[in-house]
Amino acid sequence: AQQRYADLRDLPALTLCGEQISLQMNAGLMADLPSLEGSGAEGVGLFRTELQFLIRNQMPKRAELATLYARVMEAARGRRVAFRTLDIGSDKVLPYMKPNDEPNPAMGWRAIRVGLDKPGVLRMQAQALIRAARGRPLVIMFPFIAETSEFIAARKLVMEQLERERSLGIPLPERLEIGAMLETPSLAYAPRSFFEMVDFISIGGNDLRQFFFAADRENERVRRRYDMLNTSFLNFLGHIVGRCAETATPLSFCGEDAGRPVEAACLAAMGLRTLSMRPASIGPVKSLLRRTDLQGLRAVIDAACEEGRENARPVVMDWLARQSN
Ligand code: PEP
Ligand code: MG
């Protein structure tokens with residue numbers, strides 16, 4: 001099977017119905033960079049910047065971060081890299097930050113909430129990213145945006161840093177894309193203006209699923225209890241795809257479900273055209289996508305919804321098995 005996936009590396013994820021799906025990889029450490037070539041990823045759909053903070057025992061310096069980010073961009077050789085700003089909370093405690101005792105860390109003071117309340121680190125990170133890009137495109141996304149005002153505030157902070165760097169005579173990025181991660185159901189119902197103002201949206205499926213079903217992704221007892229192919233969740237994804245289509249907002253999906261072939265095919269059937277996953281998943285996902293007619297799969301999902309099924313998985317698996325015969 002490994003050889004089969006290697007053979008697919010340079011082929012596009014072109015479905016039987018002629019849709020091209022962009023398969024990207026998730027990364028966060030320098031050790032992930034060689035996978036950019038090996039996996040056939042079209043870019044880095046999610047670069048988890050907090051990993052660089054978590055592996056140190058003191059706060060990294062701006063210059064150090066700028067060097068790291070520049071290395072990532074160089075390794076990407078022109079492919080798009082979406083840098084997700086720091087996503088820490090009281091579950092991912094930095095050894096050099098005062099721990100916060102919170103009853104519900106996943107729903108607590110984390111990610112962009114920390115970034116906006118204590119903007120020093122976010123500012124430093126924005127400066128490092130701008131300096132790393134110099135003349136290259138820069139893509140920044142904010143984690144855990146729950147309402148429009150948070151996105152506006154975070155983007156303003158980045159734009160202020162851009163102005164500051166400009167006034168210091170530092171070469172600026174060739175262009176700047178700023179997007180939001182959709183990880184809380186609230187954002188799927190944000191006003192149209194939100195969808196118009198973001199350069200792109202990336203669904204953080206791990207958190208979105210956790211909050212959609214109110215099931216802790218860290219809790220072994222419940223983490224696998226609810227299925228992504230539950231028809232309520234598929235309908236919800238369809239709603240998000242529709243909202244983005246109204247405003248022509250680019251939409252992608254990162255999160256572990258994108259790396260599971262059957263789930264990935266269903267995401268594509270629901271209208272997702274960019275999926276970001278761990279590098280080792282790209283081969284298996286591409287292999288299934290290239291054998292799938294998304295319209296046929298979508299018809300199966302729609303029928304499951306209309307028939308009032310709770311979960312589309314049985315009919316999807318049945319249909320996929322019949323396709324491969
Ligand atoms: C997600 O929530 O799906 C996501 C991609 O971010 P993380 O897994 O780092 O929370
Ligand atoms: Mg998340």
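This text walks through a predicted model of one protein chain and the ligand beside it.

Start with confidence. The protein chain has an average pLDDT of 96. A score of at least 70 is reached by 99% of the residues. The model as a whole scores ipTM 0.99 and pTM 0.97.

Now look at the overall form. The protein chain contains 14 helices and nine strands. Its C-alpha atoms fill a box of roughly 60 × 45 × 35 Å along the principal axes. How does the radius of gyration fit a compact globule? With 325 residues, such a globule would come out near 20 Å. The protein chain has 20 Å, so the two agree.

Next, consider how the chain packs. Of the 325 residues, 39% are buried. Take the contacts between residues with a separation of 6 or more. Of these, 69% join residues that are 24 or more positions apart. The largest nonpolar core holds 82 residues. Those with the most contacts inside this core are Y69, L129, A180, C266, L267, A268 and L275. Follow L129 as an example. Setting aside residues up to four places away in sequence, L129 touches Y69, F83, L138 and I140. Y69 is also on the list of core residues with the most contacts.

Three residues on that list, C266, L267 and A268, take us to helix α11. This helix spans residues 261-269. Is α11 largely enclosed or largely open? Seven of its nine residues are buried, so the rest of the structure largely encloses it. The buried residues are E263, A264, A265, C266, L267, A268 and A269. A general rule helps when you look at any helix. An α-helix has 3.6 residues a turn, so residues three or four places apart point the same way. After α11 comes G271, with a positive phi near 115°.

Positive phi values deserve a second look. Most residues other than glycine have a negative phi. Two alanines in this model do otherwise. A111 is not a glycine, yet its phi is positive, about 50°. A214 is not a glycine either, and its phi is also positive, about 50°. Where do they sit? A111 is in the loop between β4 (80-84) and α5 (112-117). A214 is in the loop between α9 and α10 (231-246). Are they buried or exposed? A111 has 26 C-beta neighbours inside 10 Å, so it counts as buried. A214 has 9 other C-beta atoms within 10 Å, so it counts as exposed.

Turn to the ligand. Which residues are around ligand 1? They are L46, R48, D87, E183, G204, G205, N206, D207, C254 and G255. By type, the shell divides into two nonpolar, four polar and four charged residues. Two elements, β3 (43-48) and α9 (205-212), each supply at least two residues of the shell. Helix α9 gives the most, with three.

One of the shell residues is D207, which lies in helix α9. Because 21 other C-beta atoms lie within 10 Å, D207 is buried. Leaving out neighbours within four places in sequence, D207 is in contact with F144 and E183. E183 belongs to the shell around ligand 1 as well. D207 and L182 are 25 residues apart along the chain. Their C-alpha atoms are separated by 8.8 Å.

Finish with two places elsewhere in the chain. V300 is part of helix α13 (residues 294-306). Is V300 buried, partly exposed or exposed? It has 17 other C-beta atoms within 10 Å, so V300 is partly exposed. Beyond its neighbours within four places in sequence, V300 is in contact with V315, V316 and W319. From V300 to T247, C-alpha to C-alpha, the distance is 27 Å, and the two are 53 residues apart in sequence.

The other place is A248, in the loop between α10 and β8 (251-254). A248 has 9 C-beta neighbours inside 10 Å, so it counts as exposed. A248 and G89 are 159 residues apart in sequence. In space they are 32 Å apart, C-alpha to C-alpha.

Notes: Residues numbered from 1 in each chain as written. Chains lettered and ligands numbered in written order. Predicted model: local features only at pLDDT ≥ 70, side-chain atom pairs only at ≥ 80, totals over all residues. Near = placed C-beta within 6 Å. Helix = DSSP H or I, 4+ residues; strand = E, 2+ residues; numbered from the N terminus. Nonpolar A, V, L, I, M, F, W, Y, C, P; charged D, E, K, R; others polar. Rg over C-alpha atoms; globule rule 2.2 N^0.38 Å. Buried ≥ 20, exposed ≤ 12 C-beta atoms within 10 Å, placed from the backbone. Contact = placed C-beta atoms within 7 Å. Core = buried A, V, L, I, M, F, W, Y, C linked by C-beta atoms within 7 Å. pLDDT = per-residue confidence, 0-100.
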